[in-house]
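Hello,

Here is the structure I said I would pass on. My notes on its aromatic residues follow below.

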Amino acid sequence: AVETNNPTPQQRVMIDKIQAAAEEMAFAEQYLVTSRNPTERTNRILARADEMMKVYNGTTNTPIDSKFAGAMVGIRNTISASSLVYAPFSAVTDQATQLAARSFIGMPATSQLSSFVKGFTQGDRRLALEVGLGLDQVAAAFAQQARFVGGYNARHITGYITDRSHAYSLLSPMTQASKVGFGLDFMRWMAGMKDTAFKDLGEETTRMMTKHGFTADDWAAIKAAKPEKGLLTRNAVAQAAGDDVAEKYMRMLYRERGQAVLEGTIQGRTAFISDTQPGTVTGELLRSAAMLKSFPTSYMMLILGRLYNETMAGRGMKASTIGYGASIFIVGTMLGALAKQMKNVGQGRDPEDMTKAKFWAESFMQSGGAGIFGDFIGSSVNRMGSGLAGTIMGPVADRGGTLLDLTFGNVAQYA
């Protein structure tokens, strides 16, 4: 548990955010462990938890060779700034994941698009900051996390360029608008239900709250809360039910928002870099390979992982699970198709033939942030002319191979 003495309301919200991240460690058992030996399985789970803790407390981010690490950070930042120009087109698929998250917990989706648009306005952004929904930007800066890249150093000049390119391309604002919209809608939804009995909240909502540690007594205490501007805020819950319930409330909001608006996670990051440190050959190779894979990794772990868990728990035919799957596979694929065609037009290419099954398979992969791997459906190279091995190794290795071909390769060819 994270503790501090006499925190301010703003510090308290930050503590809630840190606590929510820390509790992600409890999900280490979700990692696939192939061994049937209980002792070996336990040791692997503990090892994964230890890796996540090292990322969380900054140990894994401490460079061994600062000059080597700085050079590699600069290379990755430069590639990131030039590679994600059309990434905002991919962000339209966020609406599918958010629709899935809302349907899964019984949260209305009628205002989803309007709340997303309002998330760009100064009024809603200021309101989100007032109720403690904007401090994750500070946490992200401290953790050096990025949505697609898997980490960039904003203190480095190339990191600043990368950050600005994400902002000016609308990638970061679109992500933040989705988070603001979902967070405010969640608080409005909770405010509208606070006088409803716990048992009458609906199966999906009750299951969500139980999963996050809420009891009927906790919910009964919240009934005395006085919403602020129509929102059930942390301060309102704390005044009515105490800090412990308020902390659970904010952790629930952050967790569900993490399912609705995907970003890089500790689990996803450690899946690639383990506990290696920057400034080492292994650490830099793994960090380079992890570039542009943070989002699809989170998609597999969180979105597809939730569907898998529900199916394995025997709830595959529940209305919430069916709605969740439909949002992922149907709405997600359609928005993935829209993203693909917008990218084609934006890059000066003709729209693709939408009558082919290959197009729709690629569209689904696009919705999960893995559009580059969809290129290998019926082809041995991607849209950039690189093979599967180069794509897996990441854009640093790919650019390095291209550079060698243009220099030493040409020299050898004409020698």
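**Aromatic pairs**

Phe-186 and Trp-189 both belong to helix α10 (residues 171-193), and because they are three residues apart there, about one helical turn separates them. Please keep in mind that this is a predicted model.

Searching the whole structure gives seven aromatic pairs. Phe-186 and Trp-189 make one such pair: the ring centres are 5.6 Å apart and the planes meet at 80 degrees, which is over the 60 degrees required, so the arrangement is edge-to-face. Both Phe-186 and Trp-189 are buried.

Phe-329 and Phe-364 also pair, and this pair is stacked, with 5.3 Å from centre to centre and 25 degrees between the planes. Here the two residues come from distant parts of the chain: Phe-329 is in helix α18 (residues 319-346) and Phe-364 is in helix α19 (residues 357-367), 35 residues apart. Are these two rings buried or exposed? Neither word fits, because the relative accessible area of Phe-329 is 39%, making Phe-329 partly exposed, and Phe-364, at 24% relative accessibility, is partly exposed as well.

Two further items concern the surroundings of these and other rings. Phe-186 and Trp-189 are members of an aromatic cluster that also contains Phe-182 and Tyr-249. Separately, Lys-248 is placed over the face of Phe-214, and its distance from the ring centre is 5.7 Å.

Regards

Technical notes. Residues numbered from 1 in each chain as written. Predicted model: local features only at pLDDT ≥ 70, side-chain atom pairs only at ≥ 80, totals over all residues. Heavy atoms only, no water. Phe/Tyr/Trp six-rings, centres within 6.5 Å; stacked < 30°, edge-to-face > 60°. Helix = DSSP H or I, 4+ residues; strand = E, 2+ residues; numbered from the N terminus. Buried < 20%, exposed > 50% of the residue type's maximum accessible area, 1.4 Å probe, protein only. Lys NZ or Arg CZ within 6 Å of the ring centre and 35° of its normal.
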